[in-house]
Amino acid sequence: MFSIITLFGILGNITTGLVYLSPAKTFWRIARNRSTEEFESIPYICKLLNAYQWVYYGIIKPNSVLVATINGFGAVVELVFIVIFLMFASTQKMRVRTAILFGVLDLVFPAVSFLLMQLMLHRQLRIDISGIFCVVFSMITYGSPLSAMKTVVVTKSVEYMPFLLSFFLFINGGVWTVYAFLTEDYFIGIPNGTGFLLGTAQLILYVTYMKPKSSEEISDNLEDGSKHEPLIPSSNLVS
């Protein structure tokens with residue numbers, strides 16, 4: 001029977017899918033240029049690990065199939081991104097490092113942890129431990145935009161904080177927070193509530209520091225004849 005919980009679960013699937021697909025433009029650039037340039041693989045390796053954890057949680061937690069399905073989709077997307085990264089790594093050192101991290105964090109660790117939980121923990125404790133893993137890895141993932149927010153405040157420019165990504169994080173966090181409230185699932189609520197607050201903060205910063213292009217150009221011309229370099233390269237802010 002269709003319910004409001006199912007509605008928010010479906011909406012959450014849609015918004016999460018958009019968040020997972022948000023780096024597609026970056027990887028199209030990597031494939032087109034046949035080089036990862038200065039992009040880092042660690043965010044995508046961590047996102048894949050996070051997706052694995054949520055898939056497992058959605059499978060073992062009753063009535064959580066929508067959590068498993070969207071993160072299964074996300075795991076496939078992140079796997080494609082990592083394969084592209086390995087194919088076009090700008091240096092052999094980066095390729096080897098990515099392969100090692102992928103093997104340890106996305107193959108060995110999930111396999112061992114899931115096997116141990118299945119064999120050693122009873123059902124409710126298994127769900128609780130899996131939920132804790134999900135919260136930890138999700139908080140790490142949601143914490144990644146903090147560096148972009150710092151750059152916005154320091155440079156007083158939103159150039160290095162894409163609006164659509166901030167908007168999707170805001171919507172996604174809000175939808176899953178409502179879903180968590182309706183299902184009384186705090187493991188979903190804690191990281192997504194945090195994501196909703198961070199998304200809100202990013203949108204506030206965007207409105208605060210957004211300037212028309214002409215105004216930015218005029219402001220640049222009034223400087224002492226030199227442009228300010230961003231504290232963090234734009235490539236490192238893509239996630």
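This is a short group-meeting talk on a predicted model of one protein chain.

Okay, let's start with the overall picture. What we have here is a predicted model, so keep that in mind throughout. The chain has 10 helices and 0 strands. If you read along the sequence, the pattern is just α-α-α-α-α-α-α-α-α-α. Of the 239 residues in the chain, 42% are buried. And if you take contacts between residues at least 6 apart in sequence, 79% of them join residues at least 24 apart.

Now, what does the record say? The unreviewed UniProt entry carries the annotation "transmembrane region" for residues 6-23, 66-88, 100-121, 127-148, 160-182 and 188-209. I looked at two of those spans in the model. Residues 6-23 come out as 89% helix and 0% strand, with the end C-alpha atoms 27 Å apart. Residues 188-209 are 100% helix and 0% strand, and there the end C-alpha atoms lie 32 Å apart.

Let's move on to H2, which covers residues 24-33. Which residues are buried in this helix? They are Thr26, Phe27 and Ile30. Those residues cover an arc of only 90 degrees around the axis, so they sit on the same side of H2. As a reminder, an α-helix has 3.6 residues a turn, so residues three or four places apart point the same way. What do the buried residues of H2 pack against? Two helices: H3, residues 42-60, and H4, residues 65-87. Flip to the face turned away from the buried side and you find the exposed residues Lys25, Trp28 and Arg32. Right after H2 comes Arg34, and its phi is positive, near 55 degrees.

Speaking of positive phi, there are a couple of loop residues to show you. Asn63 lies in the loop between H3 and H4. Its phi is near 60 degrees, a positive value in a residue other than glycine. Is Asn63 buried or exposed? Exposed, because its relative accessibility is 75% and the cut-off for exposed is over 50%. Then there's Glu184, in the loop between H8 and H9. Phi of Glu184 is positive, near 55 degrees, and again this is a residue other than glycine. Glu184 also counts as exposed, at 63% relative accessibility.

That loop brings us to the helices on either side of it. H8 is residues 163-183 and H9 is residues 186-209; their axes come within 7 Å and cross at roughly 145 degrees. H8 passes H9 in a left-handed crossing. So who meets whom? On the H8 side, the contact residues include Phe163, Phe167, Phe170, Gly173, Gly174, Trp176 and Tyr179. On the H9 side, among them are Ile188, Gly189, Gly193, Gly195, Phe196, Gly199, Leu203 and Tyr206. The residues of this contact divide into 11 nonpolar, 12 polar and no charged.

One last stop, back in helix H4, where you'll find Leu79. Leu79 is partly exposed, with a relative accessible area of 31%. What does Leu79 touch, leaving aside residues up to four places away in sequence? Leu48, Tyr52 and Phe102. Also, Leu79 and Asp106 are 27 residues apart in sequence, and C-alpha to C-alpha they are 9.6 Å apart in space.

That's what I have, thanks for listening.

Definitions and conventions: Residues are numbered from 1 along each chain as its sequence is written. This is a predicted model: local features need pLDDT of at least 70, side-chain atom pairs count only at pLDDT 80 or more; totals for chains, interfaces and linings use all residues. Side-chain values use heavy atoms; hydrogens and water are left out. Axes are lines fitted to C-alpha atoms, for helices over the stretch in contact, and angles run from 0 to 180 degrees between N-to-C directions. Helices (H or I, at least four residues) and strands (E, at least two) are DSSP runs, numbered from the N terminus. A crossing is left-handed if the near helix is turned anticlockwise from the far one by less than a right angle, and right-handed if clockwise. Contact means heavy atoms within 4.5 Å. Ala, Val, Leu, Ile, Met, Phe, Trp, Tyr, Cys and Pro count as nonpolar, Asp, Glu, Lys and Arg as charged, and the others, Gly among them, as polar. UniProt positions are given in the numbering used here, feature names are shortened, and annotations may be inferred rather than shown by experiment. Buried means under 20% relative accessible area, exposed over 50%, partly exposed in between (1.4 Å probe, protein chains only). The arc is that of the directions from the helix axis to the C-beta atoms.
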